[in-house]
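Hi everyone, thanks for making the time. I'd like to walk you through one model this morning, strand by strand and then outward. Here it is on the screen.

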Amino acid sequence: MSGSDARALARSLLDLCRMRKLTIATAESCTGGLVAGALTDIPGSSDVIDRGFVTYSNEAKRAMLGVKASTLTTFGAVSKETATAMAVGALEKAGVDLAVSITGIAGPGGATPGKPVGLVHFAVASRDGKILHREFRFGAIGRTTVRQRSVVEALRMLMELARGPQPPAKSRREAVSRLRPRVARSPRRSAVKRRRPPRT
């Protein structure tokens, strides 16, 4: 994903949120504010973007987002639990409709057993109580690339939550029947030929 792709995605997200009257806050660790930067780079984004938290240290996560010390101690800063707590904390502190969080290991250092370079946890939370979490293992593709791809995934997740629940997809047969109403037909004659009685 290039910078232009992220910009297009950010613009689409802002348009959708503007239409649905939704506001956003971000909580970022390994991306250091790049998601907020991608969104606020679009002119007129102030009617959607409320604020961004850059919580690089564990202390910042606790002080600014209310992440519990026990969560960080038990699961670590790069975990589903911490990412979720960051998103919920940003949602509550900012009083917005949607919040996204990112915490990961961009590299080149920082890896630990079970947590390699390129591991990133994402979470998005909405005012109606919905929370999504995703884990990505980008691999050792370079610090800049991990961060860039993380921005795109965060924007995608925000877009997913901003769209809201989608109506169930109609089956193909149901869709076709709605387009082509059935016409009553006369019963077909049997295709089986009657056997003639044997000649005597």
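Let's start at S101, whose bridge partner in β4 is A123. Strands here, like helices, are DSSP runs numbered from the N terminus, with E and at least two residues for a strand, H or I and at least four for a helix. Two strands pair if DSSP finds at least two bridges between them; β3 and β4 have seven, and they run antiparallel.

Before I go on, the fine print. This is a predicted model, so to speak of local features we need pLDDT of at least 70, side-chain atom pairs count only at pLDDT 80 or more, and totals for chains, interfaces and linings use all residues. Residues are numbered from 1 along each chain as its sequence is written, and side-chain values use heavy atoms, with hydrogens and water left out.

Now the other neighbour of β4. Strand β5, residues 131-137, is joined to β4 by seven bridges, again antiparallel, and H121 stands opposite E135 in β5. The two strands form a hairpin with four residues between them, and G129 in the turn has a positive phi of about 95°.

Is β4 buried or exposed? Eight of its eight residues are buried, where buried means under 20% relative accessible area, exposed over 50% and partly exposed in between, with a 1.4 Å probe and protein chains only. One side carries L119, H121, A123 and A125, the other V120, F122, V124 and S126.

Next, the largest nonpolar core, a set of buried Ala, Val, Leu, Ile, Met, Phe, Trp, Tyr and Cys residues joined through side-chain atoms within 4.5 Å. It has 35 residues, and L13, C17, I24, V35, L39, L98 and L155 touch the most other members. Elements giving two or more residues are α1 (3-20), α2 (34-40), β3 (98-104), β4 (119-126) and α6 (143-163). The most come from α6, with 10 residues.

What does L39 touch, not counting residues up to four places away in sequence? Its contacts (heavy atoms within 4.5 Å) are A10, L13, L14, S45, I49 and L155. There is also a second, separate core of 16 residues, including A83, A90, V96 and A99.

That's my tour. Happy to take questions!
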